[in-house]
Amino acid sequence: SATSVVQAPAALASSDGSAAPSAWNTAGTFESKNKTEWANSRISQMFKEIKFSSFGVDISVETIKDLEGDAEIIMNRGKKKAIYEISCTLEFEADLENETLKGELQVTDICGDDDPECSYTFNTKPSSTGAKTKANDAMKGFIGTINKTCSDFKVAILEQ
């Protein structure tokens, strides 16, 4: 009578010579892990920590609202990728010399491919043209900080 030997999938060698499989996927096949909850929590935390100062204007994130999106980490043949798309609205305060402007910054297309799309509005009208110019100039730098935070987030999610 013939004897058949059945190998466990973990013992199969990778036929394409790719990198070693992950610790959580010993066969090296496609697998994904949902990271939406972690991603939304982490990006919120990172945005809340932003304090930006430029042109005599101090900008801070007060609230994060309308946060939506999803995130997953996929492992395919030993390669790890993070796939995510997140958007939110940051309510901010910009403190100038003698006034505080409140506003909202829409941050969309946080996906790791490019910088996110950012657009803002001031809900408080600046008292003068000078204050408006200063605040707008500072917002350009603040958006640069948002972009940097999104790059840092891309690094952080890949460490998950």
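How many residues sit between E2 and E3 in their hairpin, and which residue in the turn has a positive phi? Two residues separate the strands, and the one with the positive phi, of about 55 degrees, is phenylalanine 55. Keep in mind as you look around that this is a predicted model.

Let's stay with that hairpin for a moment. Strand E2 covers residues 51-54 and runs antiparallel to E3, with four bridges joining the two. Serine 54 of the hairpin has valine 57 in E3 standing opposite. Serine 54 also gives us a handy route to another part of the chain: lysine 140 is 86 residues away from serine 54 in sequence, yet their C-alpha atoms are 9.6 Å apart in space. Lysine 140 belongs to helix H2, which spans residues 129-158. With a relative accessible area of 58%, lysine 140 is exposed, because the cut-off for that label is over 50%.

Now turn to the inside. The largest nonpolar core has 34 residues, and the members that touch the most others are Phe47, Ile59, Leu90, Phe142 and Ile146. Which elements give two or more residues to this core? They are helix H1 (36-48), strand E3 (57-76), strand E4 (79-95), strand E5 (100-110) and H2. Helix H2 provides the largest share, at 10 residues.

Leucine 90 is a good place to zoom in. Leaving aside residues up to four places away in sequence, leucine 90 touches Phe47, Val61, Thr63, Ile64, Gly103, Glu104, Leu105, Val107 and Ile146. Two names on that contact list, Phe47 and Ile146, also appear among the core members that touch the most others.

On to the charged side chains. How many salt bridges does a search of the whole structure find? It finds six, and a few of them are worth a visit. Take lysine 65 and glutamate 91, whose side chains meet with an N to O distance of 3.3 Å. Lysine 65 is in strand E3 and glutamate 91 in strand E4, so this salt bridge ties together parts that lie 26 residues apart in sequence. Lysine 65 counts as partly exposed at 29% relative accessibility, and glutamate 91 gets that label too, at 24%. The pair isn't on its own, either: Lys65, Glu91 and Glu104 are linked in a network of salt bridges. Glu104, you may recall, is one of the residues that leucine 90 touches.

Another salt bridge brings us back to helix H2. The side chains of glutamate 97 and lysine 134 meet at 3.9 Å, N to O. This pair links distant parts of the chain, with glutamate 97 in the loop between E4 and E5 and lysine 134 in helix H2, 37 residues apart. Are the two partners buried or exposed? Glutamate 97 counts as exposed, at 75% relative accessibility, while lysine 134 is partly exposed, with a relative accessible area of 34%.

Last stop, a salt bridge inside helix H2. Lysine 148 pairs with aspartate 152, and their closest N and O atoms are 2.8 Å apart. The two are four residues apart in the helix, so about one helical turn separates them. Lysine 148 is partly exposed, with a relative accessible area of 48%, and aspartate 152 also counts as partly exposed, at 32% relative accessibility.

Note on methods
Residues are numbered from 1 along each chain as its sequence is written. This is a predicted model: local features need pLDDT of at least 70, side-chain atom pairs count only at pLDDT 80 or more; totals for chains, interfaces and linings use all residues. Side-chain values use heavy atoms; hydrogens and water are left out. Buried means under 20% relative accessible area, exposed over 50%, partly exposed in between (1.4 Å probe, protein chains only). A nonpolar core is a set of buried Ala, Val, Leu, Ile, Met, Phe, Trp, Tyr and Cys residues joined through side-chain atoms within 4.5 Å. Contact means heavy atoms within 4.5 Å. A salt bridge is a side-chain nitrogen of Lys or Arg within 4 Å of a carboxyl oxygen of Asp or Glu. Two strands pair if DSSP finds at least two bridges between them.
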